[in-house]
Structures are given as structure tokens and as C-alpha cells.
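Let's take a look at how aromatic rings pair up in this one. Have the structure open as you read.

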Amino acid sequence: QNLFSNPSKFIDEIYAAHASGKIVNGHLAGASIEQVNAAAAAGLADDHECTSAQEAVERARRGLAVLVREGSPERNLRNILSGLKLNDYRSYLMCTDDKHPDDIFSEGHVDFNVRLAIECGVDPITAIQMATINTAQHFGLEHLIGSVAPGRKADLILFKGLEQIEIKTTLFDGRIAYIDGKFQYSDETRFPSAKFLHSVRIDPEIKPVDLAIRHTGQTAQVYAIDVTEGQILKGKSTANLAVTHGLIASEPSYDIVHAAVVERHRGLKSIGRGFVRGFSIRNGAISSSVSHDHHNITVVGDNVDDMHLALRELERIQGGFACTSRGKVLHSIPLQFGGLMYLGRYETLLESLKKLNEATRSVGMRMKSPFMQLEFLSLPSVPELGITNRGLIDVRNWKIIDPVLS
């Protein structure tokens with residue numbers, strides 16, 4: 001979308017990447033045929049945003065590699081591969097994009113993509129090809145990885161049979177890392193510099209009312225960002241909401257709640273406000289410092305007090321996820337490294353994620369991966385609407401719009 005809004009700036013960057021021997025990844029969510037043509041002509045190499053077989057074929061026919069994605073909130077692989085009738089899969093690769101640790105633990109990572117592709121009717125050897133040599137060749141790394149051959153890195157998996165791809169042994173750099181359900185590999189423990197552990201700075205003057213939209217009338221017509229579980233594409237709708245004490249109120253009975261993005265890197269009082277439909281929150285709020293790609297704090301909730309508490313909880317733990325209700329923090333997970341990464345053991349994280357998801361269900365949410373859905377709410381390059389600390393973004397026209405129509 002940036003390419004279409006400011007072509008000269010981004011074409012210069014594309015040429016600079018090509019001059020350095022790099023490829024340029026595409027981000028073509030919801031792009032028209034004309035935009036796909038322009039992206040290919042400008043030098044973009046691939047797209048990981050396809051949600052259907054038709055979109056995948058359109059991109060492959062124009063010389064773009066298609067990264068078939070299956071993440072936590074982006075369940076796209078079945079829709080793409082079930083509808084494909086191909087003899088040549090060289091333009092098709094595998095990726096996950098964003099996947100929570102609990103899903104990786106229960107499903108797998110790219111190996112899950114391979115198993116799912118086989119379920120969709122793809123030949124097992126072809127599915128493995130999409131996850132290995134195709135990817136290596138696309139990124140110009142086939143001299144290092146992607147095949148079992150002299151001179152390549154010995155990153156290998158051993159499995160029984162081609163139907164289920166059940167991993168028995170994993171080798172990393174020629175050493176056994178996993179065998180028969182047990183990890184064998186450990187690397188040197190490294191701790192990040194202290195400056196990366198204190199990255200969440202919230203303006204101390206931000207109050208609960210600052211997270212809602214002020215209005216002078218008795219009712220207001222507003223835009224709502226519509227989210228759908230299993231997809232990161234967002235819709236756009238309108239709603240008429242009541243105004244209470246000068247603030248536009250949420251309407252949980254319509255599944256419309258507040259959304260706000262707060263700047264957290266420099267402690268600025270920079271807040272984007274809007275409304276979102278699809279989270280089903282009642283008497284609570286959730287917040288995340290993982291907010292693509294600016295990683296400010298995104299918070300949604302049906303009342304500003306719980307939203308403010310969820311915001312301040314992330315300030316206290318220096319980034320992560322939080323769920324609040326009726327003035328209490330139900331559960332939070334610290335992601336201390338830059339507000340993005342957990343520093344403890346994965347077993348502890350899995351247990352904490354379980355408690356966090358239970359907390360979200362106690363405030364009415366039924367999404368399997370609500371925090372991953374929250375992270376993409378603030379991504380301003382995925383249609384139709386996004387929200388950042390700058391405000392509500394009309395993605396297709398690449399401009400900030402007023403969330404209140406009247």
C-alpha cells in the first residue's frame with residue numbers, strides 16, 4: 001500500500017535493495033489486479049497476503065512468488081491450496097507470518113503447513129518442496145539450505161512416512177536438537193542489554209477519558225473496524241452510538257467497543273481512537289504492546305476505566321499482554337525485551353498464555369487467538385481500516401479519517 005501512495009519514494013528503496021542483491025517482499029492485502037501488476041513491474045518479488053486460490057494464481061501468473069500462510073489469526077492455507085489445480089508449484093512457498101507459542105507447541109510450525117497441504121490433496125513431495133527448496137531458491141540461499149547436499153547446512157528433520165510428517169528427530173547445524181520427544185540442544189544463554197528492558201514509556205497525564213472520543217451531541221454515527229477470527233483483513237461498517245457525559249459510548253450489545261492506540265516509545269500524549277466490532281468484550285479490556293508495525297500499545301474494551309488499567313499494567317510490566325475487568329488485572333504476561341519478547345522458559349509461557357486466554361473468556365471473548373487479532377488491528381496496510389496513534393486509517397486511500405461521521 002505504501003508503494004501505491006508514494007511511488008517515487010518506495011521505488012527508490014526497491015532499486016536500492018536490488019542494487020544490494022536483495023529481494024523485496026510484497027504486502028498486497030486486498031490489492032486489485034492493476035495494483036498487483038504495478039507491484040510486479042516495480043520489482044516486488046512475492047506476496048504473503050493471499051487468502052484465496054484466485055488471488056494466489058493472479059500473483060503467480062505475474063511472476064510473484066506466493067507465500068502460502070497459516071498463522072494463528074491467518075488461517076489461509078486451506079482456502080488457497082484446496083482450490084489450486086497445478087502441475088508446477090515452483091512459485092509457491094510456505095510461511096506462518098505470526099503464530100503464538102501455544103499454537104506452535106500444539107500444531108507445529110512450517111511442518112504443520114506441510115501436513116495441512118497434504119490433507120488438501122497436495123502431493124507430499126510437492127508439499128515438502130514448497131517448504132524447503134522453493135523457499136531457499138526464492139531468497140537466493142539454495143547454496144546454504146533447502147536441500148540435502150554437500151556444502152549445505154545440516155539442518156534436517158527425520159520423520160516416519162510421508163502422510164503425516166510426524167517429526168522424530170531434528171538436527172540443527174549438524175547436531176541433534178530433538179529426538180523422540182526430548183530436546184537435546186542448548187545454546188549459550190544471552191541476556192539483552194538493560195536499555196531494551198525498559199522500552200514502555202506512557203505519558204503520566206493520560207487519563208481514562210483520553211481513550212474515548214468526545215462528542216457534543218446526544219448520538220454519533222461512527223466507523224467501526226470489523227474483525228473476523230481467522231483472518232487479518234478488516235472490514236468497515238458504521239453504527240449509531242449514544243453519547244454519555246460527553247463521550248461516545250461503546251455498545252456491547254452490538255459488539256462494538258472502544259479501540260485506542262497509545263504511543264509508548266517516547267512517552268508522548270499521542271493517541272488514536274476508534275471503535276471495533278468482533279471482540280465481544282463485556283465489562284473488560286485487553287491490551288498489547290505487540291502492534292504491527294509501530295509496536296505502540298493497542299487496547300480495546302467496553303469501558304475506559306478497564307482500558308486505562310490495561311494500559312498502565314503494560315507500563316508496569318514493561319510490555320506484553322494484559323486483560324482487565326471491573327477494576328482488576330485478571331492476568332498479564334510480560335514481554336520485557338523491547339515489549340515484544342518473553343525472557344523465560346517456554347513451558348512457563350505456555351501456562352501463562354492458557355491463563356490469559358481463560359481471562360479473556362471471562363469477559364465474553366470467544367476468539368481462539370484474541371491477542372494476535374489485536375496485534376493486527378493496528379496494522380495500517382491491511383484493508384479496509386487500521387488504527388495507529390495517529391488516528392483511524394483508510395487503508396485503500398492511505399489517509400487518516402475522522403472516526404465520527406456525524
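## Aromatic pairs

Counting ring pairs in this predicted model gives 6 aromatic pairs. Two of them are worth walking through, so here are their geometries side by side.

| Pair | Centre to centre | Angle between planes | Type |
|---|---|---|---|
| Phe 183 and Tyr 346 | 6.0 Å | 70 degrees | edge-to-face |
| Phe 196 and Phe 337 | 5.7 Å | 65 degrees | edge-to-face |

Start with Phe 183 and Tyr 346. Phe 183 sits in strand S8 (residues 182–183), while Tyr 346 belongs to helix H11 (residues 346–362), so this pair ties together parts that are 163 residues apart in sequence. How accessible is Phe 183, buried or exposed? Its relative accessibility is 59%, and since exposed means over 50%, Phe 183 counts as exposed. Tyr 346 comes out as partly exposed, with a relative accessible area of 34%.

This pair also has company: Phe 105, Tyr 178, Phe 183 and Tyr 346 are linked by ring pairs into a cluster.

Now for Phe 196 and Phe 337. Where do these two sit along the chain? Phe 196 is in the loop between S8 and strand S9 (219–226), and Phe 337 is in the loop between strand S17 (328–334) and H11. They are 141 residues apart, and the pair links distant parts of the chain. As for accessibility, Phe 196 is partly exposed at 38% relative accessibility, and Phe 337 is partly exposed at 27%.

Terms used: Residues are numbered from 1 along each chain as its sequence is written. This is a predicted model: local features need pLDDT of at least 70, side-chain atom pairs count only at pLDDT 80 or more; totals for chains, interfaces and linings use all residues. Side-chain values use heavy atoms; hydrogens and water are left out. Rings of Phe, Tyr and Trp (its six-membered ring) pair if their centres lie within 6.5 Å; planes under 30 degrees apart count as stacked, over 60 as edge-to-face and the rest as tilted. Helices (H or I, at least four residues) and strands (E, at least two) are DSSP runs, numbered from the N terminus. Buried means under 20% relative accessible area, exposed over 50%, partly exposed in between (1.4 Å probe, protein chains only).
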